[in-house]
Every structure is written in C-alpha cells, then in structure tokens.
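Student: I've got this predicted model open and I'd like a close look at one part of it, with enough of the surroundings to place it. Could you pick a spot and walk me out from there?

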Amino acid sequence: MIRRQRLAAGVCALLAVLAAGIAFPSGAVADETEQAAPKVELVLDVSGSMRTRDIDGGTRMAAAKQAFNEVLDATPEEVRLGIRTLGANYRGDDRKEGCKDTAQLYPVGPLNRTDAKTAVATLAPTGWTPIGPALLKAAGDLDGGAGTRRIVLISDGEDTCQPLDPCEVAREIAAKGIGLTIDTLGLVPDAKTREQLSCIADATGGTYTDVRHKEELSDRVGELVDRAADPVVTPVATEGADRCEKAPALKSGLYTDREEFGQQRWYKVDVEPGQELRASVSVADDRAVDPNYGVLLRAVTVHGREIVRGEADGTGRTDAVSTGLRYPKADSDDDAAPAETVCLQVTQSFSAASGVKTTPGLPLELTVDVVDGPSGHHDVASFGLGRGWWLLGALVLAGFLAGLLWGWLSRWRVAVWRTN
C-alpha cells in the first residue's frame, strides 16, 4: 500500500512536469542547444491556384508576399532564415517535371532583409504542388547543427505529386530523430487540404492553422519564426533494444525513439545508492489507430524482477498517452557500493486502423532524471502521505474528542430520562 501511494504521487508529479513542458536534459545537450543558432525555412506554395482572389479582395500570392515582407522585417537577429518555393518555375503539363519543381529562393543563413525581399518580389504563381519533394529538400537545407530547426509550410492546396505522400514524408523526417518541426498553414483550405496539412504537422509535433485573412497570415508566420528563437531542449535520438541486455545506457535527459505497433523497447539507467530514478514516457498516435489503447512503463532489475510500474490508457480521443514512475534507491553505509542497473521497459497496445502503414513506428518521448533521493528523516513523502500526516493527526484527535463529547451527552440524556 505504501509503495502504491508513493508511486501514485510520483506519477502525478511526473505527468505535471510533462504537461508543463519541462525536461531534464544532460548538461552537455543543454549547453550545445543554447549555443547553436536556430534555423527556420519558410516553404511557400507558388502553384497556379495562388492566383485566386479570395483573401481580403486580393490574391493569395499577394497576401503571402505581404506576410513575408512583414516577417522578414521582424525576424530576430539570431535566427538563420531561408525561403524555399514549390511550383514556382515549371509552367508545363508534364507531371514528372512538375513534381521536381522546388527550389531554394533564399539560402538558410544570416538574413539580408533587402535581398530576401527582392527575391520574394519576383515570385509569380506558376505550376504544380509538390509538397512531398519540397519537404524532403527543406529537411536537407536545415540538416546539421544542434539548434532548433523549423519548417513553416504555407499552401493553398493538397499535394499533386502522389504517390509520394507528404504525410509519410513528414513521418520519415520525424523518424530520423533530428528534432525538426513542421508547422503548416492552409490558405482558405478545403477539407482535403486541411486534413493533409494537419497530418504533416502532427507527424512532427508541429501545429496547423487555417488562414483566411492577410493579418492572420502575417501574425501566425511571425509567431512561428519567433518561437524558433526561444530556448528549447532538443531531444536526443536513441534506439531501444528488444531486451535489457542490449539496451542503450541513458543518463538524465530527454530522448526520442520510434516503436512499432505491439513492440517492446528496453533502455538502461544506472542508479547509485541514495539516488532516485524518475522516468516518464509519452507515445503519440500520429496516424489513424483503433480506439482503446494504452502504454506501460516498467522498471525491473537485470534479473527481471519488477520494481515499479506506471500505466495509462486512452479511448481514441487523445493524440498521446503518457505515464511515469519513481524508484528511490536505498542509501548504503558502504561508500564503495556499486550502482544498480535499472531496466526500463516501454510497451504500448496501439493497433493500426485498416489500410494504415505501420512503419515508421509511433513517436516515443522518454524523460529520464536521476536525482539525489530524500534522506530517511527528511523524507517529504513521509510514507506517501507527506504533510497529510498533520491532517491525519488532526482528524484522529478530532474524532477522539467528538467521541468523548458524544459519550458524555449520551450518558447525560440517559440519566435525565431515568430521572423523569
């Protein structure tokens, strides 16, 4: 019972940390992220449909140009910004050639606002909508370095270069574990466009926004560029094993992995005597899945004995399931006592909906933190009750006094009744 109470308290604390977006990275990763310049590439659809005049009385292309000019003026100095186009150059009817039509209009690097604005001014709606190829090229433009990397895709229609599904392209980019986020904006979108752009954003942890006015477009693109300049923790890509013996050894930090449907992934963490292991995991369903699923996080010894576990489930109304656990390692009088290797097992019970690809696996985010454990006489958990001991003591005392008072009143009433 005590262990369950402590576990429940730990799980609640860990989930609160996850909800607040707080991670526990290693010092090396955090320092590297802070020093690296953030990179953003704006990917603009310049296909023929951008001539449509339905945004505040002007064309979609005019709204995009105005938004880009305003964003270029406001881009923070530390951001390395580039611009890529799709459908801007090829005017023919050859689909094969049209699906190659993506080019870098302005290279990712220190921003020269005059040159960038001049390049944007030359754009004219032209050809096809090769979103998938453009995303692949944009990911290459941003490759390298450890800072924030963000693609902002602005399009008014769905991809015309199937079967290279842009949603699958986004999943492949996410599966590489390079920490690249794709945000998408739909200009006066129809249902199919909205669905495709939402899928692209969901696959990489980005956002999707409907846009129907020029001011909305300028404000949203500016927000996303500014967001890239905010200090963030870049998750470290890792690859779990099929059993503990082969599992990667992790230290305190934030990690990403991919887990196939019905698969188990193992990781190892060393815990010194007197330390406490805190771990949490989130698994996201970035594609259509069957309802009723769950995720299980177990801490076991190298011999397979379970120490603690955390589990959670969903019903199809959430796009991620999270759980966590805590394991305090008892202190030792022996200064030379060895560390204990704790095996973390992540299991999920998602199943793919009919016709949905099962590869790459579902995105998994694992947070590991090893901290000094509470000492025996300063254990704030107090056997799982914490400051609840004061409340429990007050309730016991109040119950005792109430019992005495009730007993005295009962005896007095009986005495009065007998007298009468």
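**Starting from a loop proline**

Tutor: Let's start at Pro 273, which sits in the loop between strands S12 and S13 (275-284). Keep in mind that this is a predicted model. Which residues does Pro 273 touch, once you skip those up to four places away in sequence? They are Lys 329, Ala 330, Asp 331, Ser 332, Ala 337, Pro 338 and Ala 339. Asp 335 belongs in the picture too: its C-alpha is 9.0 Å from that of Pro 273, although 62 residues separate the two along the chain. For the chain as a whole, if you take contacts between residues at least 6 apart in sequence, 76% join residues at least 24 apart.

Now step back from the loop into S12, which covers residues 264-271. S12 belongs to an open sheet of five strands with mixed pairing, and the order is S10-S12-S17-S14-S15. The edges are S10 (249-250) and S15 (306-314); each has a single partner strand, so one side of each lacks a neighbour in the sheet. S10 and S12 run parallel and are joined by two bridges. If you want a residue to click on, Leu 250 has Val 269 of S12 as its bridge partner.

Further along that sheet, S14 gives you an aromatic pair to look at. The structure holds one such pair, and it is made by Tyr 293 and Phe 350, which are stacked with 4.3 Å centre to centre and 20° between the planes. Tyr 293 is in S14 (293-300), while Phe 350 is in the loop between S17 (340-348) and S18 (362-372), so the pair ties together parts that are 57 residues apart in sequence. Are these two rings buried or exposed? Tyr 293 has a relative accessible area of 2%, under the 20% cut-off, so it counts as buried. Phe 350 comes out at 3%, so it is buried as well.

Next, the nonpolar cores. In the largest one, which has 32 residues, the members that touch the most others are Leu 44, Ile 154 and Leu 217. At least two residues come from each of S1 (39-45), H3 (60-74), S4 (80-86), H5 (113-121), S6, S7 and H9 (214-229). H3 gives the largest share, seven residues. Apart from this core lies another, of 29 residues, which includes Tyr 267, Tyr 327, Leu 344 and Leu 366.

Leu 217 is a handy residue to zoom in on. Leaving out residues up to four places away in sequence, Leu 217 touches Ala 63, Ala 64, Ala 67, Ile 154, Leu 185, Leu 187 and Val 211. Arg 220 is found in helix H9. At 14% relative accessibility, it falls under the 20% limit, so this arginine counts as buried. Its side chain makes a polar contact of 3.0 Å with that of Glu 223. Beyond four places in sequence, Arg 220 touches Leu 185, Thr 207, Thr 209 and Arg 227.

Two helices round off the tour. In H7, seven of the 10 residues are buried, so the helix is largely enclosed by the rest of the structure. Those residues are Pro 166, Cys 167, Glu 168, Val 169, Ala 170, Arg 171 and Ile 173. Their cover includes H6, S7, H8 and S11. At the start of H7, a side-chain oxygen of Asp 165 comes within 2.9 Å of the backbone nitrogen of Cys 167. After the helix comes Gly 177, with a positive phi near 70°.

H8 takes in residues 191-203, and its 13 residues reach 18 Å from first C-alpha to last, close to the 18 Å expected. Its buried residues are Thr 193, Gln 196, Leu 197, Ser 198, Cys 199, Ile 200, Ala 201 and Ala 203. They pack against several elements, including H7, S7 and S11. At the start of H8, a side-chain oxygen of Asp 190 lies within 3.3 Å of the backbone nitrogen of Lys 192. Just after the helix, Gly 205 has a positive phi of about 80°.

To place all this in the whole chain, there are 10 helices and 18 strands, and 46% of the 420 residues count as buried.

Note on methods: Residues numbered from 1 in each chain as written. Heavy atoms only, no water. Helix = DSSP H or I, 4+ residues; strand = E, 2+ residues; numbered from the N terminus. Expected span 1.5 Å × (residues − 1). Buried < 20%, exposed > 50% of the residue type's maximum accessible area, 1.4 Å probe, protein only. Contact = heavy atoms within 4.5 Å. Polar contact = N/O pair within 3.5 Å; in protein donor to acceptor, adjacent residues only side chain to side chain. Core = buried A, V, L, I, M, F, W, Y, C linked by side-chain atoms within 4.5 Å. Phe/Tyr/Trp six-rings, centres within 6.5 Å; stacked < 30°, edge-to-face > 60°. Pairing = 2+ DSSP bridges.
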